[in-house]
Amino acid sequence: MGIIMNLKIVFRISAVVLLINGLGALFATSAFMEAANFTMTPSLITVGQFIGMTFLFLAILSWRIPDVAGEAIASFGKLFALGQGMWVVIIGYHVISGQASGPTAYVNLIITIILGILFLTASRKSD
């Protein structure tokens with residue numbers, strides 16, 4: 001039962017982070033993207049809003065997984081750890097290459113690293 005509770009908390013934290021990012025990208029697109037030092041264009045607003053809606057879907061998915069995964073929750077945790085790792089790679093690349101910076105990029109990079117570690121360690125406890 002311990003692994004399910006630990007992973008449930010990590011999934012819920014992830015859902016809240018995704019919700020905050022989703023709402024920011026969808027409803028405050030310019031401010032959200034400019035905080036990552038992107039130059040706003042009408043096309044970037046469209047992409048930002050799409051990303052926001054995608055984050056909202058992922059927030060719902062992350063919130064619901066613990067309730068529907070059952071005994072497979074550890075597998076979902078490892079899958080989400082992989083996803084967090086992929087985001088770390090792309091955000092890190094964008095920061096290192098100078099394509100993104102500022103609070104949006106740095107804060108999300110740190111949170112993504114932490115969530116990835118939490119998903120991985122919590123899901124490994126069942127092995």
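## A walk through the helices, starting at Ser62

Select Ser62 to begin: with a relative accessibility of 0%, Ser62 is buried. You'll find Ser62 in helix H3. Keep in mind as you click around that this is a predicted model.

Now show what surrounds that serine. Setting aside residues up to four places away in sequence, Ser62 touches Phe11, Ser14, Ala15, Leu18 and Phe80. Which backbone oxygen lies 2.8 Å from a polar atom of the Ser62 side chain? Turn on the backbone of Phe11 and you have it: the oxygen there is the partner.

**Next stop: the Phe11 ring**

Stay on Phe11, but switch to its side chain. Ring pairs join Phe11, Phe80 and Phe119 into a cluster, so colour those three together if you like. Overall, the structure holds four aromatic pairs. One of them is Phe11 with Phe119, an edge-to-face pair with 4.8 Å from centre to centre and 65° between the planes. Trace the chain from one ring to the other: Phe11 belongs to helix H1 (residues 2-27) and Phe119 to helix H5 (residues 102-124), and the two are 108 residues apart. Are these two rings buried or exposed? Both Phe11 and Phe119 are buried.

**Then Phe55 and Trp87**

Select Phe55 and Trp87 for another edge-to-face pair, this time at 6.0 Å centre to centre with 70° between the planes. Phe55 sits in helix H3 (residues 42-68) and Trp87 in helix H4 (residues 73-96), so this pair ties together parts of the chain that are 32 residues apart in sequence. Put a surface on them and check each partner. Phe55 has a relative accessible area of 18%, and the cut-off for buried is under 20%, so Phe55 counts as buried. Trp87, at 30%, is partly exposed.

**A charge over a ring**

Move to Arg12 and Trp63. The charged end of Arg12 sits over the Trp63 ring, 4.2 Å from the ring centre.

**Along helix H3**

Now select the whole of H3. This helix has 27 residues and runs 39 Å from its first C-alpha to its last, close to the 39 Å expected at 1.5 Å a residue. Which residues of H3 are buried? Highlight Leu44, Gly48, Gly52, Phe55, Leu56, Leu58, Ala59, Ser62, Ile65 and Pro66. While you look at how they are spaced, remember that an α-helix has 3.6 residues a turn, so residues three or four places apart point the same way.

Gln49 is also in H3, but it is partly exposed, with a relative accessible area of 34%. Leaving out neighbours within four places in sequence, Gln49 contacts Ala25, Leu26 and Thr29. For a sense of distance, draw a line from Gln49 to Gly98: the C-alphas are 23 Å apart in space, with the two positions 49 residues apart in sequence.

**Either side of H3**

Just after H3, pick Gly70, where phi is positive at about 60°. Then go to Asn37, in the loop between helix H2 (29-34) and H3. Asn37 has a positive phi too, about 65°, although it is not a glycine.

**Last step: colour by confidence**

Finish by colouring the chain by pLDDT. The mean for the protein chain is 93, and 94% of its residues reach 70 or more. Where is confidence lowest, and where is it highest? H1 has the lowest mean, at 90, while H3 has the highest, at 97.

Note on methods
Residues numbered from 1 in each chain as written. Predicted model: local features only at pLDDT ≥ 70, side-chain atom pairs only at ≥ 80, totals over all residues. Heavy atoms only, no water. Phe/Tyr/Trp six-rings, centres within 6.5 Å; stacked < 30°, edge-to-face > 60°. Helix = DSSP H or I, 4+ residues; strand = E, 2+ residues; numbered from the N terminus. Buried < 20%, exposed > 50% of the residue type's maximum accessible area, 1.4 Å probe, protein only. Lys NZ or Arg CZ within 6 Å of the ring centre and 35° of its normal. Polar contact = N/O pair within 3.5 Å; in protein donor to acceptor, adjacent residues only side chain to side chain. Contact = heavy atoms within 4.5 Å. pLDDT = per-residue confidence, 0-100. Expected span 1.5 Å × (residues − 1).
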